[in-house]
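Here are my notes for when you have the coordinates open. I've kept them as numbered points, so you can dip in wherever you like.

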Number of protein chains: 4
Amino acid sequence: MSSSYGKNIRITIFGQSHSEGIGVCIEGLPAGIEIDIEELQRFLDRRAPGKNAYSTKRREPDMPEFLSGMANGITCGAPLTAVIRNTDIRSSDYSELFDVPRPAHADFTAHVKYGGAQDVRGGGHFSGRLTAPLCIAGGICLQLLKRHGIEIAAHISSIGNVSDAHFDMVNVTEEDFFALRENDFPVIDFASGQKMKEVIEEARATGDSVGGVVECAAIGLSAGLGDPMFDGMENRIAGIVFGIPAVKGIEFGNGFGSALLKGSENNDAFYTDGSGIHTKTNNHGGILGGITSGMPLVFRAAFKPTPSIATTQDSVSLSKMENVKLSIKGRHDPCIVPRAVPCVEAAAAIAICDAIFENNKIRGV
Amino acid sequence: MSSSYGKNIRITIFGQSHSEGIGVCIEGLPAGIEIDIEELQRFLDRRAPGKNAYSTKRREPDMPEFLSGMANGITCGAPLTAVIRNTDIRSSDYSELFDVPRPAHADFTAHVKYGGAQDVRGGGHFSGRLTAPLCIAGGICLQLLKRHGIEIAAHISSIGNVSDAHFDMVNVTEEDFFALRENDFPVIDFASGQKMKEVIEEARATGDSVGGVVECAAIGLSAGLGDPMFDGMENRIAGIVFGIPAVKGIEFGNGFGSALLKGSENNDAFYTDGSGIHTKTNNHGGILGGITSGMPLVFRAAFKPTPSIATTQDSVSLSKMENVKLSIKGRHDPCIVPRAVPCVEAAAAIAICDAIFENNKIRGV
Amino acid sequence: MSSSYGKNIRITIFGQSHSEGIGVCIEGLPAGIEIDIEELQRFLDRRAPGKNAYSTKRREPDMPEFLSGMANGITCGAPLTAVIRNTDIRSSDYSELFDVPRPAHADFTAHVKYGGAQDVRGGGHFSGRLTAPLCIAGGICLQLLKRHGIEIAAHISSIGNVSDAHFDMVNVTEEDFFALRENDFPVIDFASGQKMKEVIEEARATGDSVGGVVECAAIGLSAGLGDPMFDGMENRIAGIVFGIPAVKGIEFGNGFGSALLKGSENNDAFYTDGSGIHTKTNNHGGILGGITSGMPLVFRAAFKPTPSIATTQDSVSLSKMENVKLSIKGRHDPCIVPRAVPCVEAAAAIAICDAIFENNKIRGV
Amino acid sequence: MSSSYGKNIRITIFGQSHSEGIGVCIEGLPAGIEIDIEELQRFLDRRAPGKNAYSTKRREPDMPEFLSGMANGITCGAPLTAVIRNTDIRSSDYSELFDVPRPAHADFTAHVKYGGAQDVRGGGHFSGRLTAPLCIAGGICLQLLKRHGIEIAAHISSIGNVSDAHFDMVNVTEEDFFALRENDFPVIDFASGQKMKEVIEEARATGDSVGGVVECAAIGLSAGLGDPMFDGMENRIAGIVFGIPAVKGIEFGNGFGSALLKGSENNDAFYTDGSGIHTKTNNHGGILGGITSGMPLVFRAAFKPTPSIATTQDSVSLSKMENVKLSIKGRHDPCIVPRAVPCVEAAAAIAICDAIFENNKIRGV
C-alpha cells in the first residue's frame, strides 16, 4: 500500500494526474473546528502552477470541493474528504511515454511494479499534482496548529549553488514567517533570491532544470512531543516529507553538518531564564531523542532537479527492448522548489498534528 | 507509542539500558526459516562495545536468548522474541543525572514527556544499547535476504572532516561487501581509515567526541519494491534509520548533492544490454518514485558526535530551576560511528524485508 | 478514528447521510484487474432502497463515480476512490432531532462524543446509507475472489421469530448461492420467506419494526488463511461486520450453540478421501485457531430492529435537560435485514481478501 | 501477522506452550503508573490451572518477570515487557500429534499455514496458555481503569445447558462485582453454580468436555468512548475477545435476542434525572453507534467445549494421507469456561483502555 500517512490524524491521498479527480480523506480531525476556507485557498494558491514567471504557464483553479466531514462549515467528527476535479484529462498522446520511460521519473519502476497497468498519463499517481491534496490536509492542520500558538514556515534555502540565509535556529520568530508568506518567491535574503531566479531562468532558457533545498521551521511547540525510536519527530517528519516527489534527502538541526563537528562544538548547552529551560544554540533542531525540546524545530529537504527536460535523452523501448532516444515535449517547471515550499510546510503540519494527538492520548490518565 | 516498526514484518524493541533485559519481538517472519545462530552472533559482535581501541572498554557478551518463535532451530510462524540480559544494572549514582540533563541527550525531553517517571539510568530506553535488539532483528533479516540474493553492507563514509571513498553506485559488488565485513573498522580506503582513527583518538585524548557519516548499499534487489507516496523506499528506510540514536540526516543516491545539479546532470539515462534495463549512472540511488529500479540502493546517514564528553558543560538543575555546571563521569565512546555501521545495515535489512513482503501480497492475485 | 478497515487491502469510508457525497477509498488493490461495472451495479442494487415492498419508498440511483484508481477500465495500482452523490440533501428540519436524541440511534452518543458538532442530518456518518460505499468495496472484492474460485453468499436466517433453513455447513454449493442471488428476498426456504414478509408487513402496519439474523457462507477458500490470536478469521470478520449499523452479535460455525454441547458432540472429526482432508461435520464453521480449514466458512450476524418507529417514545431535550416525548416522522424501513444481506457479503469479501493478501506476503520467501 | 492488538495501547503476545517463555510487550502505557504487583498476581491466579477441582491438576506458578518498562516500581514510559518462564518444556512425545491433527484444535490449520514448521508441542502459539500474558496486560489495564472509576467483571453465564442469572444490565453495581471476584467459581446464582459444577464433573467422569458462555460488564464508563464504523466498541472488543482460544461467538446487550424483537420492545427510552441522561432499559448494552452511552457495557462470549477429550476420535495421518484413530492422552480441563472468566475481563479492559486513549487524542484540541 502506499498513500496513507499518520496514526492519529490519518490522511489518505488519491488520484492520478489525469483521473477524474484527486483528493484527500482526513480521519481523526477534532469535531467543532471551523475551517477558514479562504485562508485555505490562499495557502493552496501558493503551490498552484502558473502563478508567476518561475513556473509552468498552465493554470488550474484547484478549488477543493468538500464531500464530507463538515456540517455548517465546521468539522463534524466524520472523515473529511476534499476533491479537486481534473479539468484537463486528455489522454491522447501518452503512447510513447508508455513505451519509453523518462529518465529520473517513476515511469520505469511503476511499469515493473504494476505490470504495465499503471496510469501513465501525466505521471499518474506519482505526479507532483498529488501534492495539491497534501496541501489541503496540511492547510487544515496549519489552521489547527495556529490556534494553539504553533506556526510553521519554510523558505527556499538554495537553488543550484545559490544559497539563501538560514533561519536563525535559536530565535526564528513569527515576524520572519509573515515576511516569507507574503513573498511569492519565499527567501530570507532578497539579493540571494534574485540570483536564484537567474539560475532558474537560465535553466529554462537552456531547456534544462535545477534542484534546490527547502528549509522549514516550526515554532511554538511545547517540549515533549514525539516518541523514542521509530515514532520520533525525525522519523515522523521524514516519513511524510519523502512523500513529496523529488525529495532525496532530509536533515534536522545541524544535520549532515553535525557529522563534521566535535561534541564540544555540537552539544547545545541548557540554561534557564527562570521561567523556562532553553538551549543556547540549536544544533539539535528542536529534537532530542526524537522528542521536541521546545526550541524551534528546523529541518531541510533536498529536491533533485525536475526530471522533465527538453534535451534529448537516452532511454529504452520497453516493448522492443532496445535503446532509443527520448524527447519530452510540453512545458515543464524548470524548478519545482518554489512551489514545493508550501508542500513542505503542509507535510510538517500534518506530522506535528499527529504527534500532538499522540501525546494527548495519555494526558491526565 | 514508539518502539515498533514495520507493517509486514513488525519489530517491537523493548528495554532500558539498566532494566532487567532488552530485546525484540519480531512478528511476520516466515515459518520454516533456519536461523544461523553463529552467523547472527558474529553480526551482533560487530556492534558490541569494547571490541577494539576505538570504543568503550566495557565488555558485554550480548548473547540473545530466544524465548519464542522457534522450534528445533527453525522459525515456527509464531512471534520470535529474543532477550539480552543486562548484567550490569547498578542504579546507584544517577541522582545527579536525574536532576541535571546532559546536553544533546534525551534526558531533558524525556523528563518533560514522562513527567519525571522516565528511567534515567544509562539513558533508559533512549540508550544506544537498544541498537542491540535492532541488530538481532536486522541480522535475521539479513540472513533471509541473503538466501534471495540480496546483500547489504555499509562503511564509514566520514569521521569529522576525513572522508572515505564512496561506493561505486553503479557497480558495487558482493566482493566489495566481503572486504568491509572482515574489517573491524570498515572503510573502503585504508589510508582514509587510518586518518579517521587518528581523529577519533584525538577526540578521546581531549575528552571530546566526533561525528560522522555511514554509507550503506543494498544489491540484488529486483525492480518494483516500495510504494508511491508515504510507503516509498526512502520513507520506509528513513522511518527506521532515524530510530538509531544520534542520526540527524539521511540522503538517498546523490541526495543533497542532487540539489546542486541541473536535470541534464542528475538524470540517469536508461539503457538495455538485451537482458535487462539499467541506468548508466545512479544518482537516483536505486529508487525512483519510491520504488526500486534494480540498481544498487544507496543511502547515507549522518551521526552527530557522541553527546557524552568529559568537558564541563552548562546545564540546569530541574529541581531548583537554576543554571549549573555538569561534568559527566565514566568512559564513553569518543565516536559511535564505527559501531553504528552494522546498525545501519540492520535497519536497512528490516525495511527491505518489509517492502518485499508488501510486494508479495498481491503477487499472482 | 474510525472509518478505515484492513491491513493489506484498506478501505476508508467517508460521507454523511446528507453531505455532498459518500464514498470509499480502497488502497492495496492489485493493478491490472478489470472491474465489471455492470456486475458491480447489480450488486449495489441489491441493497438499494425502494426496490421492493419491504423497504422504504425513496429511490436513489446510487451509481458510483470512479475518481481514481483506474485507467482504461482496469485498476492501475493507485488508490481507487468511488463517490456517490447525495442528491437529496435538504437539511431543513433537523432542529428537533438535534435536541432530542432518538432512542437506539447514535444521536445521543454522537452528541456527547463530538460536543454538538456532529452532523445530525439523517444520522450523519452513522447512517445505514454508509453501507453503500461498503458495498462498492465489497463488490469489487467479490469479483476478485470469484476469479480465484471463492464465492460468498448470505441469506435471511430469521426475521423476528420466523427462521429460514440453515446453510448445509458441510455441503453448501455454488448452486445454492445462485438461487439466493436471484431472489430479491433471499431465503433458502420459500415458505419461511413468506412468513417473514408477513412479519415485516405487520411491523410496518403498526408503525413498528423488527430485527433478524443474516447467515453468510464463503466457499472455495483454501486452508491456511487467517492468523492466530488477534488476526484470526473470526477477529477479522467481526471487526468489519460490527461496522454495519444495527449488528449486535456475531457467531461462527455452531457459535452460541457450541456452548451448549459436549466436546464429543462439537468436535469435527477429520477424514481424507485420498485427495484432500475434510471434516465430517462443520461445527467449527471453517475456522480452527483463527485459520481456515478449507471447509465452508459460515457465520451469522444479529441485527436489532430498526430504531426509527412511528410510535411516540420517551426521550430527553438536551438543551433543557428535561424529559420529553418524541415522534419520528417520515417513512422508514420496518426491517433492514433484507437490505443488509449484500452488506454482510461485502464485509465478508473484504475481510477475506485482506486475509489472502496477508497470507501471500510470505509465500515462497 | 497475528499477535498484536490495539492502536493506542498495543499489546504484543509471544510464546508457545513449550517454548522457553511466554510473555507480552505493552506499548503506550502512561508513565508514572504504580503497578500493584500483588494485586496483579491475584488476578493472574484466577486463571491459573490447578486452582480447584474444576481444572487440570498441573500447577504452574506463572509469576511474571518484568524485563522492561518500569523503574522503581512505576511505569517509565518505555515498552513494558513481562515474561513467564515455561518450566515444563519436555518435547519428547509430540511425534504422533505432529502427524495426526486433533479434531477441533488448530493442529491441522497450523500445519497447512506454516508448512509443517509450526511448534506442535502443547498447541504451540495456539495454546490456551497464551492467555496468561493476555491477563498480565489486562490486569495492568484493570488497575489503570479502576483508578478512573471504571470496573469490569465477568461471570459464568452458562455451562452446557445450565444458566446463571444475568447481570442486571441497568443497575449492575460494584458490589455485584466484588462478590464475583471473591468466588473461585464466579456465578451470580449459587444454586446454578452448583449445577454447573455437576455438569463439569460429569463431563470429566466420562472423559468428555463441555462449553459455556461468559458474560462481562464494565461500569463507570463515561459516554462518548468508541468510534463509528470499524472502531466501534463492539468491533474493538470483538477484535480482542476472539483472540481467546475457543471463543466462537460474541453479542452485546440484548445481542441475538434483539433480533427476535420489535423496535418498540428493543429501543431503550432516554430519560434524565436532572443530573445525567440514562436509558430506562439497556438492550443496547451500553453501546449506540459504536459509542458508549454511559450505561453499563455488557457482552457475552460463547466458548466451545475443550477439544481435548479422552474418547477415541477419527482423524487423518498427514504423512500417509489415510484415516486413523486418535486417542489423546494426558489430563485436560473438562471445561475452560471458569478459567476464561478473567481472560474475558482482561480482554475487555485492554479494549476499553485503547478506546479511552483514542478519545483523549483530540481532547481540548
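1. Let's start with a packing question: which residues in α4(D) meet residues in α9(D)? Bear in mind throughout that this is a predicted model. On the α4(D) side you'll find D:Thr131, D:Leu134, D:Cys135, D:Ala137, D:Gly138, D:Gly139, D:Cys141, D:Leu142, D:Leu144 and D:Leu145. Facing them from α9(D) are D:Pro342, D:Cys343, D:Glu345, D:Ala346, D:Ala347, D:Ala349, D:Ile350, D:Ile352 and D:Cys353. Sorted by class, this contact between α4(D) and α9(D) comes to 15 nonpolar, 3 polar and 1 charged residues.

2. Now for the geometry of that pair. Helix α4 of chain D covers residues 131-146 and helix α9 of chain D covers residues 337-360; they pack at an angle of about 55 degrees, and their axes are 7 Å apart. Angles from 65 to 115 degrees would be roughly perpendicular and those under 35 roughly parallel, so α4(D) and α9(D) count as oblique to each other. As for handedness, α4(D) passes α9(D) in a left-handed crossing.

3. On to chains A and B. A turn of 180 degrees, with a shift of 0.0 Å along the axis, lays chain A on chain B with an RMSD of 0.0 Å. The two copies are therefore related as by a two-fold rotation axis.

4. How many residues does each of chains A and B put into their contact? Chain A gives 89 residues, and chain B gives 89 residues. On the side of chain A that touches chain B, the split is 40 nonpolar, 37 polar and 12 charged. Of the interface residues of chain A, 100% are also interface residues in chain B, so the copies meet through the same surface.

5. Strands take part in that A-B contact as well. Strand β11 (residues 247-252) of chain A runs antiparallel to strand β11 (residues 247-252) of chain B, and 3 bridges join them. If you want a spot to zoom in on, try A:Ile250, which stands opposite B:Ile250 in β11(B).

6. Chains C and D are worth a look too. Here 89 residues of chain C contact 89 residues of chain D. The side of chain C that touches chain D holds 40 nonpolar, 37 polar and 12 charged residues. Strand β11 of chain C and strand β11 of chain D pair antiparallel over 3 bridges, and C:Glu251 has D:Gly249 in β11(D) as its bridge partner.

7. Follow the β11 strands outwards and you get an open sheet of 10 strands with antiparallel pairing, in the order β9(C)-β8(C)-β10(C)-β16(C)-β11(C)-β11(D)-β16(D)-β10(D)-β8(D)-β9(D). Its edge strands are β9 (162-163) of chain C and β9 (162-163) of chain D, each pairing on one side only. Within chain C, β11(C) and strand β16 (residues 297-303) run antiparallel and are joined by 5 bridges; C:Phe252 has C:Phe299 in β16(C) as its bridge partner.

8. Last, a sheet within chain A. This open sheet has 5 strands in the order β1-β2-β3-β7-β4, with antiparallel pairing, and its edge strands are β1 (4-5) and β4 (65-68). Strands β2 (residues 10-14) and β3 (residues 21-27) of chain A pair over 5 bridges, with A:Thr12 opposite A:Cys25 in β3(A). Helix α4 (residues 131-146) of chain A packs on this sheet and touches β2, β3 and β7 (80-85) of chain A; the helix direction makes about 30 degrees with that of β3(A).

Key. Residues numbered from 1 in each chain as written. Chains lettered and ligands numbered in written order. Predicted model: local features only at pLDDT ≥ 70, side-chain atom pairs only at ≥ 80, totals over all residues. Least-squares fit on C-alpha atoms with pLDDT ≥ 70 in both. Contact = placed C-beta atoms within 7 Å. Axes fitted to C-alpha atoms, helices over the stretch in contact; angles between N-to-C directions. Helix = DSSP H or I, 4+ residues; strand = E, 2+ residues; numbered from the N terminus. Parallel < 35°, antiparallel > 145°, perpendicular 65-115°, else oblique. Left-handed = near helix turned anticlockwise from the far one by under 90°. Nonpolar A, V, L, I, M, F, W, Y, C, P; charged D, E, K, R; others polar. Pairing = 2+ DSSP bridges.
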